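Open the model in your viewer and keep the selection panel at hand. Each stop says what to select and what is there.

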Amino acid sequence: MTHINGINKDSAQKILNQSVPGDVLETYNQFYNIEENKIESYQKNGFIKLEKVLEVEALSYTNKLISAAVFLRKEQDKRSLQEKSEYEKSFLQCGYLCWDYKCISDFVLGKRFASIARDLMQVEHVRLWHDQALFKEPYGNATAVHQDCSYWPIAKPEYTITMWMALEDVSIDMGSLYFYPGTHDVKMKEYVDIFNNPHTPDSLVNKDKFHVSLKAGDVTFHSGLLFHGAGNNQTNILRKGMTVIYISDGSTFDSSDKRNATHTSCEGLKHGEIIDTRYTPIII
Ligand SMILES: O=C(O)CCC(=O)C(=O)O
C-alpha cells in the first residue's frame, strides 16, 4: 500500500487537473545561472550538484504535483515492501508522467532545467528523453550500481544527461545517490543487469565513490555514461526524487543491443535514424 503524507485520491486529482500557477510556470522557464567552473567540473567528473534550482512556492508545488502523480500510479498496488521483487524494493518508479498531465509537462519541459543540461553537455539543443519519478520507500533497497546508457538505445551516450531533483531533503541514510567520479568513459562501458544480477563491476573495485546528500530543491546532473547508484533507505521517511533525462538534438537510434532495441522514446524509429519522436521534443 503506497502511503504519501498529505495526499489522497481527491487531493491528487485536484492538483493534477489544475493549471500551473503563473509565477511557478515562470520559474520553470527562468534561466539558472551556471558558473563556468561547474561546467568544467561536470565535464571532468561526469556529475555536478547544483543548489536551490527550485525554491519556496515552485518547490512545494512541484513536490505536491509529482507526489500526487506517483500516488495515483501506485494506488492500486496494495503490496507491502516485503512482497515486492528485490528490484521493486529499490524504488517506486513512475516514468513518462509528463504525457499524463499538462501540469507535469510544464515542469518536465521547463527551459530552466533543459538549459542547464545543454550547457553541461556543451551542445546546441537538447531533447527530452523521458521523465521518471523515483521514490525510495522507507527501508527500501539500495539502487544497484549501473550506467544509465546501458538501457538506452542511443548511439552517443556521452550526450545524455539526467537531472535528479530532491523534492524533499535527501540525506545519505535515506538512500541518496553516489557517483564514481570520472567513470563516464566509453571504454568503461559495461552492461550491469540491475534487474536480475546486481553487482559492482570489477573496473570499480578500487575506485572511490562520492555520496551526495541534497536539500529539497537541489539537483544533481549526471552523465548517462557515469557509474552510480544509491544507498538503501535506512529511515521511515519516503525518499522523493524526480528525474528528467535529456539527450543532445541529433542523437541517433542504435538498436544493435537487442536487450534494449525497443524503447518507448524511440517508437517507430529504424536503426541509425535521428531520435525525433512524439516523446522527444526539442526543449531548448
Ligand atoms: O534514484 C535512485 O535511486 C537511482 C537513480 C538513478 O539511477 C538515475 O537517476 O539514473
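Helices and strands on this tour are DSSP runs, numbered from the N terminus: H or I with at least four residues for a helix, E with at least two for a strand. Residues are numbered from 1 along each chain as its sequence is written. This is a predicted model, where local features need pLDDT of at least 70, side-chain atom pairs count only at pLDDT 80 or more, and totals for chains, interfaces and linings use all residues.

**Stop 1: two positive phi values**

Select tyrosine 96. It lies in the loop between β2 (92–95) and α5 (102–108). Its phi is near 60°, a positive value in a residue other than glycine. Burial here is a count of other C-beta atoms, placed from the backbone, within 10 Å of a residue's own: 20 or more is buried, 12 or fewer is exposed, and in between is partly exposed. Tyrosine 96 is partly exposed, because 14 other C-beta atoms lie within 10 Å.

Now go to lysine 52, in the loop between β1 (47–50) and α4 (56–74). Phi is positive for lysine 52 too, near 50°. Lysine 52 has 13 C-beta neighbours inside 10 Å, so it counts as partly exposed.

**Stop 2: strands β2, β3 and β10**

Select β2. Its covered face holds Leu92 and Cys94; its uncovered face holds Gln93 and Gly95. In a regular strand the side chains alternate between the two faces of the sheet.

Add β3 (126–136). Strands pair if DSSP finds at least two bridges between them. β2 and β3 run antiparallel, joined by 4 bridges. Show leucine 92 opposite phenylalanine 135 of β3. Then show cysteine 94, whose bridge partner in β3 is alanine 133.

Next, add β10 (239–248). It is antiparallel to β3, with 10 bridges between them. Histidine 130 stands opposite isoleucine 245 of β10.

How many residues of β3 are buried? The count is 10 of 11, so β3 is largely enclosed by the rest of the structure.

**Stop 3: helix α4**

Select α4 and check its length. Its 19 residues should span 27 Å at 1.5 Å a residue (1.5 Å times one less than the number of residues). The end C-alpha atoms are 27 Å apart, which agrees.

Colour its buried residues, among them Ala58, Leu59, Leu65, Ile66, Ala69 and Phe71. Their cover includes α1 (9–17), α2 (22–28), β2, α5, β3 and β10.

**Stop 4: helix α6**

Move to α6, residues 111–121. Its buried residues are Phe113, Ala114, Ile116, Ala117, Arg118, Leu120 and Met121. The elements covering them include α3 (36–45), β1, β3, β5, β8 (219–223) and β10. Glutamine 122 follows α6 and has a positive phi, near 60°.

**Stop 5: the nonpolar core**

A nonpolar core is a set of buried Ala, Val, Leu, Ile, Met, Phe, Trp, Tyr and Cys residues joined through C-beta atoms within 7 Å. The largest one has 76 residues. Select the members with the most contacts inside it: Ala69, Ile104, Ala117, Ala133, Phe221 and Tyr246. α4 gives the most to this core, with 8 residues.

Centre on tyrosine 246. Contact means C-beta atoms, placed from the backbone, within 7 Å. Leaving aside neighbours within four places in sequence, tyrosine 246 is in contact with Ala114, Ala117, Val126, Arg127, Leu128, Trp129 and Ile161.

**Stop 6: tyrosine 159**

Select tyrosine 159, in the loop between β4 (143–146) and β5. Is it buried or exposed? Tyrosine 159 is buried, because 21 other C-beta atoms lie within 10 Å. Beyond four places in sequence, tyrosine 159 is in contact with Met121, Val123, Ile247, Ser248 and Ser251. Set a distance to valine 126: the C-alpha atoms are separated by 9.2 Å, and the two residues are 33 apart along the chain.

**Stop 7: threonine 262**

Go to threonine 262, in the segment after β10. Threonine 262 is exposed, because it has 11 other C-beta atoms within 10 Å. Its C-alpha atom is 7.7 Å from that of proline 153, 109 residues away along the chain.

**Stop 8: the ligand shell**

Finish at the ligand. A residue is near it if the C-beta atom, placed from the backbone, lies within 6 Å. Select Phe91, Leu134, Lys136, Thr143, Asp148, Thr162, Trp164, Leu177, His228, Ala230, Gly241 and Thr243, which surround the ligand. β3, β5 (160–166), β9 (228–230) and β10 are the elements that give two or more residues to this shell.

Colour the shell by class. Ala, Val, Leu, Ile, Met, Phe, Trp, Tyr, Cys and Pro count as nonpolar, Asp, Glu, Lys and Arg as charged, and the others, Gly among them, as polar. The shell has 5 nonpolar, 5 polar and 2 charged residues.

Notes: Two residues are in contact if their C-beta atoms, placed from the backbone, lie within 7 Å.
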